[in-house]
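Grab a viewer and let's work through a couple of exercises. Each has a task, then a solution in steps.

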Amino acid sequence: MKSLTATDAAPQTIKGALALAALGVVYGDIGTSPLYAFKECLNPEHGVVLGEAAVLGLLSLIFWALTLVVTLKYVVFVLRADHDGEGGIMALQALARHAVVQTGGRPWLLTFVAAVGLTGASMFFGDSLITPAISVLSAVEGLNVATPIFQPYIIPLTLAVLVGLFLVQRFGTGTVGKVFGPVMVVWFLTLAVLGLQHIAVHPQVLQALNPVWAGEFLAAHPAQSIAVLGSVFLAVTGGEALYADMGHFGPTAIRQAWFAVALPALVLNYFGQGALVLGDPSAIDNPFYRLLPSWGVVPMVVLAAAATVIASQAVISGAFSLTAQAMRMGYLPRLKIVQTSGQEVGQIYMPVVNWLLAIGVVALVLGFRSSSALSSAYGIAVSVTMVTTTLLAAMVARRLWNWNRALVALGSFVFLGVDILFLIANSLKIADGGWLPLLVAALVLGLFTSWAKGRRLVLGIVAADRIELEPFVESLMRDPPHRVKGTAVFLTSDTHNAPHALLHNLKHNQVLHQRILILQVEATDTPRVEAAHRISATDLGAGFWRVIARHGFMEEPNVPEYLKVLSYQKGIGIDAMTTSFFVSRETVATGALPGMSRARQAVFAWLHRNSSRASDYYNLPQNRVVEFGRRP
């Protein structure tokens with residue numbers, strides 16, 4: 001029998017490390033659902049009499065929701081839809097768009113893909129407010145189980161944890177992230193052990209693995225079933241994170257962590273809570289913490305707080321990444337991005353996003369004041385995102401992977417049926433707080449579409465005054481202006497026309513540099529661009545070069561680095577100390593964009609005024625930038 005050598009063991013070690021890291025980051029949200037999901041299923045307001053059949057029915061619904069939504073849909077199916085290794089709703093939208101273009105789809109289909117993708121992305125921001133609030137609050141509420149004396153301190157302690165979490169975001173998650181995996185291993189093992197202890201006392205709860213119990217519950221409680229399904233859905237929130245974080249860990253590590261640790265621990269804990277309630281119906285007030293002996297409640301609160309902070313961190317980091325992706329795909333203006341790691345490009349901090357989230361989360365805690373109240377607002381945004389994911393993934397499966405039409409139709413029918421059922425169930429929460437994430441999502445979607453349309457109109461107005469570049473260069477050859485040493489880089493959105501900054505510079509200064517680079521930085525709909533395809537350059541004569549630099553939506557544009565690559569590839573001697581960068585900045589006034597309502601023009605103008613400068617976004621040296629203003 002062949003022995004395992006160090007060479008053979010190395011890949012296994014790497015895979016194990018990735019699975020451990022995935023456990024810490026990917027499963028933080030869904031891993032903390034046992035704190036509140038089953039408790040909300042048992043909520044007396046649903047009007048369900050909690051006998052043995054009802055408890056087994058609820059457990060069966062949770063188990064099969066985890067099986068259909070998380071295991072089959074996300075882990076088995078959606079994780080296949082990687083866009084050059086990346087996942088998430090924006091990556092899926094780009095992949096679906098590529099599939100439509102590749103198969104010659106009609107224009108309306110491209111519009112549909114964009115609308116579905118942007119809707120899903122907008123809903124993520126609505127969810128991003130609620131996840132930190134409900135997770136941390138439900139953990140701290142465990143102190144009430146230990147002793148009622150802690151009741152006045154629940155809200156202050158929750159706010160302290162949350163404010164501290166947002167304060168440390170600017171330092172990055174690299175150092176803290178190293179302990180996420182081990183902490184979540186302890187968390188999941190604790191979930192499993194607590195559940196097993198009570199299952200051993202009431203093993204009849206294992207009957208709930210049979211889906212018949214779920215069907216009988218729904219049949220026996222037709223009036224209450226929709227409301228109950230809204231609470232059952234809380235057990236699968238966080239499933240979208242499996243796909244969103246695929247680029248960091250890969251599908252293999254995420255699948256390994258799910259099947260080996262997360263899924264067994266979750267099922268054991270939910271069934272353990274059910275077993276506890278069968279033996280002690282009074283435990284419905286907080287079945288998770290009632291699993292513990294009295295001496296174990298406070299240590300468990302500490303562990304739960306750590307786990308919920310990890311869950312919240314994953315959502316906050318996801319909001320940063322999604323905002324950066326939307327920005328680079330043209331749906332948001334340039335915003336300040338701080339790179340918090342010298343090794344990991346994905347570890348970023350966005351101050352504006354961070355503090356908007358912080359204000360929203362604190363307001364939610366102060367407004368709702370309990371995890372039970374917050375649960376009424378939780379779920380609707382996630383369920384919409386899940387519907388959009390199914391639609392786009394089905395399109396990719398049929399048009400890009402060429403899967404059998406009948407198979408795709410059957411899978412879409414099942415997954416969409418479950419998604420829409422949960423969406424209907426969560427829609428009952430709209431009046432009780434579900435309107436809040438929908439409002440946030442609608443505002444974000446309004447920002448996305450207003451910026452994209454406004455930017456398109458501005459570029460159209462600018463293009464109307466264009467002067468074609470090549471005839472312009474030829475005219476300069478016939479009557480050359482005075483040339484000065486050095487290189488001038490003119491940033492533009494269209495390299496076939498002379499940039500307005502170039503025309504203004506020539507008009508006011510009446511000189512040209514020895515070398516002129518007309519540079520367009522182009523964001524692609526792929527996560528990353530291969531080095532061989534990153535830079536293309538054309539010599540136009542008279543020292544003029546047309547240059548296009550490409551970057552993916554997961555990459556940070558860096559013009560000085562592009563110039564180094566260009567200098568190496570084309571043998572152009574570009575000296576950084578004698579290079580100047582010229583940019584134009586439009587001033588947009590409300591009423592200047594025909595074809596757009598005044599309200600949306602006001603939104604676009606506000607976004608434009610508050611966008612970061614091109615010099616910051618493109619990493620230009622501040623002391624070598626010349627900016628020309630322009631009103632379209």
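Below are two exercises, one on a helix and one on a strand residue.

This is a predicted model, where local features need pLDDT of at least 70, side-chain atom pairs count only at pLDDT 80 or more, and totals for chains, interfaces and linings use all residues. Residues are numbered from 1 along each chain as its sequence is written, and side-chain values use heavy atoms, leaving out hydrogens and water.

**Exercise 1.** Work out which residues of helix 24 are buried and which are exposed.

*Step 1.* Helices (H or I, at least four residues) and strands (E, at least two) are DSSP runs, numbered from the N terminus. Buried means under 20% relative accessible area and exposed over 50%, with partly exposed in between (1.4 Å probe, protein chains only).

*Step 2.* Val 559, Tyr 562, Leu 563 and Leu 566 come out buried. They sit on the same side of helix 24, because they cover an arc (directions from the helix axis to the C-beta atoms) of only 100°.

*Step 3.* Over on the other side, Lys 564 and Tyr 568 are exposed.

*Step 4.* Now the ends: Asn 558 caps the N-terminal one, with a side-chain oxygen 3.2 Å from the backbone nitrogen of Glu 561. Just after the helix, Gly 571 takes a positive phi of about 70°.

**Exercise 2.** Describe the surroundings of Gln 520 in strand 4.

*Step 1.* Gln 520 has a relative accessible area of 14%, so this residue counts as buried.

*Step 2.* Its side chain reaches the backbone oxygen of Ser 493 at 3.3 Å.

*Step 3.* Setting aside neighbours within four places in sequence, Gln 520 is in contact (heavy atoms within 4.5 Å) with residues including Thr 492, Asp 494, Val 547 and Ile 548.

Conventions:
A polar contact is a pair of N or O atoms within 3.5 Å; within protein, one must be able to donate a hydrogen and the other to accept it, and residues adjacent in sequence count only if both atoms are side-chain atoms.
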